[in-house]
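Colleague: Got a minute? I'd like to walk through this model with you.
Modeller: Sure, let me bring it up.

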Amino acid sequence: MQSHDKTETAMSTTLAGAWQRCREFHGHSCPGLAIGVRACEAAGQRLGLSFATDEEVVCVSENDACGVDAVQVLTGCTVGKGNLLWRDRGKMAFTFFCRTSGGAIRLVFKKPLSAADMDRQALQSHILTAPLAELFDFKEPSYEAPSRARLLAAVVCRQCGESCTEQSARFQDGQTVCLDCLVDYERGWPK
């Protein structure tokens, strides 16, 4: 496990050092990881973020791609801590909230990953060296910071006997069931 100076900003290390740490964690280098590294750099510059030891920094990712690993390494946002949330929109976009300052920024990557004018390595190099304003649209989030994580009560599924949070349980045929045991009732309309 790597140690982190909790007073450092999210991107106070050199870009090369941040890139190396992210590559080690992720297992390989790729354009998607580079996008995440640069998004953290942009959020760090705009919001003055420190490495999150708890939930003082929150990231809402609109994708579940490689860049999310950079968010974990560089900001300290993790699913387990409850300050890294996935809001699936299929967009290469990240919204950062700083609870201590109240600041927030939504970063949307401008270029598609299938850029026809350069190969994968060239695209990755471009992402790592281009000015941040060329890579991202900087926007105000359309929503408030998510609430802090909380412990939820557990209930036992009457079919499989496994416990799940009451938030995830459903009532079916007069019994409490988990989402795995729930028989979905659908009448043809998308959810």
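Modeller: Let's start with T75. T75 is buried, at a relative accessible area of 1%. Keep in mind that this is a predicted model.

Colleague: Where does T75 sit?
Modeller: In helix 3, which covers residues 67-75.

Colleague: Which backbone oxygen lies 2.5 Å from a polar atom of the T75 side chain?
Modeller: The one of V71. On the backbone nitrogen side, there is C77, with its nitrogen 3.2 Å from a polar side-chain atom of T75.

Colleague: V71, okay. Which residues touch the most other members of the largest nonpolar core?
Modeller: V71 is one of them. The others are F94, F96, L107 and F136. That core has 38 residues.

Colleague: Which elements give two or more residues to this core?
Modeller: Among the helices, helix 1 (15-26), helix 2 (31-47), helix 3, helix 4 (120-129) and helix 5 (132-135) do. Strand 1 (57-61), strand 3 (93-98) and strand 4 (104-109) do too.

Colleague: Which gives the most?
Modeller: Helix 2, with 9 residues. In soluble globular proteins, nonpolar side chains tend to be buried together.

Colleague: What lies apart from this core?
Modeller: Another core, of 6 residues. Its members include C164, V177, C178 and C181.

Colleague: Cysteines, then. How many disulfides does a search of the whole structure find?
Modeller: The search finds 0.

Colleague: Why is C160 without a bond to C157?
Modeller: Because the sulfurs are too far apart: C157 has the closest cysteine sulfur to that of C160, and it is 3.8 Å away. The cut-off for a disulfide is 2.5 Å.

Colleague: And what about C181?
Modeller: C181 is in no disulfide either. The nearest cysteine sulfur belongs to C178, 3.7 Å away.

Colleague: Is C181 buried or exposed?
Modeller: Buried, with a relative accessible area of 18%. The line for buried is under 20%, so C181 counts. C160 is partly exposed, at 35%.

Colleague: New topic: pockets. What volume does the second largest pocket have?
Modeller: About 220 Å³.

Colleague: Which residues line the second largest pocket?
Modeller: From the earlier stretch, V79, G80, G82, L84 and L85. From further along, S147, R148, A149, R150 and L152.

Colleague: How does the lining of the second largest pocket split by class?
Modeller: It has 5 nonpolar, 3 polar and 2 charged residues.

How values were computed. Residues are numbered from 1 along each chain as its sequence is written. This is a predicted model: local features need pLDDT of at least 70, side-chain atom pairs count only at pLDDT 80 or more; totals for chains, interfaces and linings use all residues. Side-chain values use heavy atoms; hydrogens and water are left out. On a 1 Å grid over the protein atoms alone, a cavity is a set of points where a 1.4 Å probe fits but cannot get out, and a pocket is an open set with protein on both sides within 12 Å along at least five of seven lines; lining residues have an atom within 4 Å of a point. Grid points are joined across faces, edges and corners, and a volume is the space filled by probe spheres set on the points. Ala, Val, Leu, Ile, Met, Phe, Trp, Tyr, Cys and Pro count as nonpolar, Asp, Glu, Lys and Arg as charged, and the others, Gly among them, as polar. Helices (H or I, at least four residues) and strands (E, at least two) are DSSP runs, numbered from the N terminus. Buried means under 20% relative accessible area, exposed over 50%, partly exposed in between (1.4 Å probe, protein chains only). A polar contact is a pair of N or O atoms within 3.5 Å; within protein, one must be able to donate a hydrogen and the other to accept it, and residues adjacent in sequence count only if both atoms are side-chain atoms. A nonpolar core is a set of buried Ala, Val, Leu, Ile, Met, Phe, Trp, Tyr and Cys residues joined through side-chain atoms within 4.5 Å.
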